[in-house]
Amino acid sequence: MDLFSHTWTALRAVVADLSDEDFGRPSGCTGWLVRDLVCHLIVDAQDVLITLATPSDREPTRDALTYWDISDTPPTGDDPLDALTVRLAAAYEDPHLLTFHLDDVGSAAGRAALLADPAGRVGTRDEILTVDDFLSTYVMEWTLHHLDLIACLPDAEQPPAAGLIRSREMLEQIAGSAFLSSFSDVDALLIGTGRRAPTEAEQAELGESAAQVPLYLG
C-alpha cells in the first residue's frame, strides 16, 4: 500500500510541474506525446477506483506477476484504445484541464487505495486478484510510466528508488531470470520492457539472456 502511494504521488508531482510546452514533447510511449500519457494516467486512476469498488468473493485467478499479458511484438500506437487516448487528450485543449482532472481523480484513487483491505479480492479484466496484488501491478505501471513521462525531460525527478527496485524485481520474476547486476534499475526496466534497445556493449554483456528480453507488458 505504501509503495503504491509513494510511486503514485511522485508521478503526479512530476505532472504537476510540467510546463505547457512539456505537454507537446514526445513521451516514452510509442505514438504518444506527454499530454497523451497524462490522459492515459487519468484512465488508469479511474481503473483503480472502479476495480477497488468491484469486490469479489471468488478465489484469485491471477497475482501481481501473472496479471500481465506478455506480447512478442512492440506496441505501434495504432491500437484503437491508444488512438482514442490521443483524441481524448487533444480534446482537453488546455493542459491545465488535464492536470486538474488528473489531480482530482488521482487523489481519489490514492485515498481509495489507502482505505482498501489488502487481503480483499477485486475483479478486473475478467480476472480476480487480491487488493494487494492489484495495487502491486500499479507500482510497476506508475514506475514505468514515470520513466515514459520524463523520457524527453532530463531535468525532471526520477521515479522513487523503492519503486524502481520493486518493479525490477517483478520484471525479473516475470522474465524468469535476473538481469545483470551491472545494469542500473532504470536501464534494466527500459531494456527489459523494450523502451530502449541495448547498446552493442550491453547486448554483448547480456549474452544468452538477451533472448529473454524485451517483454512487452499489456
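Start with the lining of the second largest cavity, which by class has six nonpolar, one polar and one charged residues. To display this lining in the predicted model, select F179, F183, D187, A188, I191, G192, L206 and V213. The space inside the second largest cavity comes to about 30 Å³, and the structure holds two cavities of 30 Å³ or more. The largest share of this lining, four residues, is contributed by α7, so that helix makes a natural next selection.

**Helix α7 and what follows**

Select residues 185-192, the span of helix α7, and colour A188, L189, L190, I191 and G192, which are buried. To see what covers these buried residues, bring up the surrounding elements, which include α5, α6 (161-175) and α8 (200-206). Beyond the helix, stop at G194, which follows α7 and has a positive phi, near 75°.

Return to D187, one of the residues that line the second largest cavity, and show its side chain together with that of R196, since the two meet in a salt bridge with N and O 3.2 Å apart. What is the relative accessible area of D187? It is 24%, and D187 is therefore partly exposed; R196, with a relative accessible area of 26%, is partly exposed as well.

**Other charged pairs**

A search of the whole structure finds twelve salt bridges, and a few of them deserve a stop. Select R62, D69 and E127 together, which are joined into one network by salt bridges that share partners.

Next, show D103 and R12, which form a salt bridge whose closest N and O atoms are 3.8 Å apart. This pair links distant parts of the chain, with D103 in helix α4 (residues 95-115) and R12 in helix α1 (residues 2-16), 91 residues apart. Is each partner buried or partly exposed? R12 is buried, with a relative accessible area of 18%, whereas D103 is partly exposed, with a relative accessible area of 45%.

Then move to R25 and D22, where the closest N and O atoms of the salt bridge are 2.8 Å apart. Here D22 counts as buried at 12% relative accessibility, while R25 is partly exposed, its relative accessible area being 35%.

**The loop between α1 and α2**

Select S27, which is found in the loop between α1 and α2 and counts as buried at 11% relative accessibility. Which backbone atoms does its side chain approach? The side chain of S27 reaches the backbone nitrogen of C29 at 3.1 Å, and a polar atom of that side chain lies 2.9 Å from the backbone oxygen of W32. If residues up to four places away in sequence are set aside, the residues that S27 touches are W32, L33, V34, L37, D148 and A151.

**A buried alanine in α4**

Go back to helix α4 and select A113, which has its place there and is buried, with a relative accessible area of 1%. Leaving out residues up to four places away in sequence, A113 touches M1, F4, L52 and L135. Of these partners, L52 is worth labelling: A113 and L52 are 61 residues apart in sequence, yet 7.5 Å apart in space, C-alpha to C-alpha.

**The largest pocket**

Finish at the largest pocket, in which about 1200 Å³ of space lies. To find its middle, select H40, D82, H145, L217 and G218, which are the closest to the centre among the 35 residues that line the pocket. The elements that give two or more residues to this lining are α2 (34-52), α3 (80-92), α5 (131-149) and β4 (216-217), and it may help to give each of them a separate colour.

Which of these elements supplies the largest share of the lining? That share, six residues, comes from α5, a helix already met among those that cover the buried residues of α7. Colouring the lining of the largest pocket by class shows 15 nonpolar, twelve polar and eight charged residues.

Methods: Residues are numbered from 1 along each chain as its sequence is written. This is a predicted model: local features need pLDDT of at least 70, side-chain atom pairs count only at pLDDT 80 or more; totals for chains, interfaces and linings use all residues. Side-chain values use heavy atoms; hydrogens and water are left out. On a 1 Å grid over the protein atoms alone, a cavity is a set of points where a 1.4 Å probe fits but cannot get out, and a pocket is an open set with protein on both sides within 12 Å along at least five of seven lines; lining residues have an atom within 4 Å of a point. Grid points are joined across faces, edges and corners, and a volume is the space filled by probe spheres set on the points. Ala, Val, Leu, Ile, Met, Phe, Trp, Tyr, Cys and Pro count as nonpolar, Asp, Glu, Lys and Arg as charged, and the others, Gly among them, as polar. A salt bridge is a side-chain nitrogen of Lys or Arg within 4 Å of a carboxyl oxygen of Asp or Glu. Buried means under 20% relative accessible area, exposed over 50%, partly exposed in between (1.4 Å probe, protein chains only). Contact means heavy atoms within 4.5 Å. A polar contact is a pair of N or O atoms within 3.5 Å; within protein, one must be able to donate a hydrogen and the other to accept it, and residues adjacent in sequence count only if both atoms are side-chain atoms.
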